[in-house]
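Here's a quick tour of one model, starting in a loop and ending at a pocket. Keep the viewer open while you read.

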Amino acid sequence: MGEQVIGFVSVTDITQQSWHAFDSKDKPQQRVGTTSPVVNVIFTADMWRRRGIARDMVEAIARDSGIAVTDVAWSGPFSKFGLALARNISPTGVWMA
């Protein structure tokens, strides 16, 4: 197989995030002064989707940053696939930049 890009993620750091609960019963939270990586864009080629590649990329971001995968923040808006990934990683909600 030739060399191909099958996935891509763009990440930046930010020091202020807001909790976005998938269940509206959770109270809003702010996280200020804690530097966290933020997923700006994440992409997996169509024929490679549903194989855990995007999740592996987010887990690598968390591992490299020394944080839990659920503490990785996201920038919106979510695509249909991005929302499914975020919910799979953190079912109760996510930190948003």
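Start with Pro 77, which sits in the loop between strand 3 (73-74) and helix 2. This is a predicted model, so treat what follows as computed geometry. The peptide bond leading from Gly 76 into Pro 77 is cis, with omega near 0 degrees.

There's another backbone feature to look at, in the loop between strand 2 and helix 1: that's where Arg 50 lies. Its phi is near 70 degrees, a positive value in a residue other than glycine.

Now for the two helices. How do helix 1 and helix 2 pack? Their angle is about 55 degrees, and the axes are 11 Å apart. An angle that is neither under 35 nor in the 65 to 115 range, and not over 145, counts as oblique, so helix 1 and helix 2 are oblique to each other. The crossing of helix 1 past helix 2 is right-handed. On the helix 1 side, the contact is made by Ala 54, Arg 55 and Val 58, while helix 2 brings Leu 85, Asn 88 and Ile 89. By class, the residues of that contact split into four nonpolar, one polar and one charged.

On to the largest pocket, which has a volume of about 460 Å³. Its lining counts 17 residues, and those nearest the centre are Arg 49, Arg 50, Ala 54, Phe 81 and Leu 85. So Arg 50, the residue with the positive phi, turns up here again. Ala 54 and Leu 85 also belong to the helix contact, and both are in that central group of the pocket.

Which elements supply at least two residues each to the lining? They're listed here:

| Element | Residue range | Share of the lining |
|---|---|---|
| Strand 2 | 30-44 | at least two residues |
| Helix 1 | 53-65 | at least two residues |
| Helix 2 | 80-89 | at least two residues |

Helix 2 gives the most, with five residues. As for chemistry, the lining of the largest pocket divides into eight nonpolar, five polar and four charged residues.

Methods: Residues are numbered from 1 along each chain as its sequence is written. This is a predicted model: local features need pLDDT of at least 70, side-chain atom pairs count only at pLDDT 80 or more; totals for chains, interfaces and linings use all residues. Side-chain values use heavy atoms; hydrogens and water are left out. On a 1 Å grid over the protein atoms alone, a cavity is a set of points where a 1.4 Å probe fits but cannot get out, and a pocket is an open set with protein on both sides within 12 Å along at least five of seven lines; lining residues have an atom within 4 Å of a point. Grid points are joined across faces, edges and corners, and a volume is the space filled by probe spheres set on the points. Helices (H or I, at least four residues) and strands (E, at least two) are DSSP runs, numbered from the N terminus. Ala, Val, Leu, Ile, Met, Phe, Trp, Tyr, Cys and Pro count as nonpolar, Asp, Glu, Lys and Arg as charged, and the others, Gly among them, as polar. Axes are lines fitted to C-alpha atoms, for helices over the stretch in contact, and angles run from 0 to 180 degrees between N-to-C directions. A crossing is left-handed if the near helix is turned anticlockwise from the far one by less than a right angle, and right-handed if clockwise. Contact means heavy atoms within 4.5 Å.
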